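New to this one? Here is a quick briefing to read alongside the sequence and the model.

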Amino acid sequence: TTFLVGTLSEKSCCMFVSFFTDEESHSISLSILCQAANPCRWGISLKQLQDVKTSVCLHVGERVFRTMTMRDICAKVISPICKEEKRPYALVVNEFGLEAHAFVTHCWDEPFGEFVDSVQDAMSN
């Protein structure tokens with residue numbers, strides 16, 4: 001199962017769909033997105049979400065990782081990747097998109113590890 005993760009705000013879409021905050025990046029991202037994939041294909045797999053968790057945990061250590069929120073992961077991991085690649089994270093890991101089968105939302109201040117675990121639990125049921 002693949003899914004979209006997210007919340008919407010005035011300046012950015014969810015972390016796995018798009019995370020551009022300035023006008024220039026936004027216009028570049030829209031051009032790329034129109035060419036690359038329909039928004040219903042901006043999903044990531046559970047495995048790809050778990051890979052983010054594993055990668056960050058290995059990089060910062062288990063103790064620090066347990067304190068990291070969705071906001072931290074977005075600011076320190078996802079957003080820099082999106083800005084460097086000039087496209088949404090979902091299209092970084094799935095160049096031609098991946099159809100979403102579910103939409104998953106989150107709280108910015110929830111622990112990221114707990115979020116991943118809860119998505120994994122929900123997908124296994």
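The accessible surface of the protein adds up to about 7,100 Å², and carbon and sulfur atoms account for 53% of that. Keep in mind that this is a predicted model. Of the 125 residues in the protein, 41% are buried.

**Overall layout**

- You'll find 6 helices and 3 strands here.
- Starting at the N terminus, the elements go β-α-β-α-α-α-α-β-α.
- Among contacts in the protein with a separation of 6 or more, 77% link residues that sit 24 or more positions apart.

**The nonpolar core**

- The largest nonpolar core has 21 residues, and those touching the most other members are Leu 49, Ile 73, Phe 112 and Phe 115.
- Four helices each bring at least two residues to this core: α2 (46–60), α4 (70–85), α5 (89–93) and α6 (112–124).
- The top contributor to this core is α2, with 5 residues.
- As a general point, nonpolar side chains in soluble globular proteins tend to be buried together.

**Helix α2 up close**

- The buried residues of α2 are Leu 46, Gln 48, Leu 49, Val 52, Val 56 and Cys 57.
- Some background on spacing: an α-helix has 3.6 residues a turn, so residues three or four places apart point the same way.
- The length of α2 checks out, because its 15 residues should span 21 Å at 1.5 Å a residue, and its end C-alpha atoms are indeed 21 Å apart.
- Just past the end of α2 comes Gly 61, with a positive phi of about 95°.

**Gln 48 and its partners**

- Gln 48 belongs to helix α2, and its relative accessible area of 14% makes it buried.
- Which residues does Gln 48 contact once its neighbours within four places in sequence are set aside? They are Val 93, Asn 94 and Leu 98.
- A polar atom of the Gln 48 side chain lies 2.8 Å from the backbone nitrogen of Ser 45.
- That side chain of Gln 48 also reaches the backbone oxygen of Val 93, at 3.4 Å.
- With Asn 94 the link runs side chain to side chain, through a polar contact of 2.8 Å to Gln 48.

**Asn 94 from the other side**

- Asn 94 sits in the loop between α5 and β3 (102–104).
- Is Asn 94 buried or exposed? It is buried, at a relative accessible area of 13%.
- Leaving out residues up to four places away in sequence, Asn 94 touches Gly 43, Ile 44 and Gln 48.
- Arg 41 is 53 residues from Asn 94 along the chain, yet their C-alpha atoms are separated by 9.2 Å.

**Cysteines**

- For reference, a disulfide is a covalent bond between the sulfur atoms of two cysteines.
- How many disulfides does the model have? The count is 0.
- Take Cys 82: its closest cysteine sulfur is the one in Cys 74, and at 7.5 Å that is too far for a bond, since the cut-off for a disulfide is 2.5 Å.
- Cys 82 is buried, with 0% relative accessible area.
- Cys 107, at 44% relative accessibility, counts as partly exposed, because that value falls between the 20% limit for buried and the 50% limit for exposed.

Methods: Residues numbered from 1 in each chain as written. Predicted model: local features only at pLDDT ≥ 70, side-chain atom pairs only at ≥ 80, totals over all residues. Heavy atoms only, no water. Buried < 20%, exposed > 50% of the residue type's maximum accessible area, 1.4 Å probe, protein only. Core = buried A, V, L, I, M, F, W, Y, C linked by side-chain atoms within 4.5 Å. Contact = heavy atoms within 4.5 Å. Areas by Shrake-Rupley, 256 points an atom, 1.4 Å probe, with all protein chains shown as cover. Expected span 1.5 Å × (residues − 1). Polar contact = N/O pair within 3.5 Å; in protein donor to acceptor, adjacent residues only side chain to side chain.
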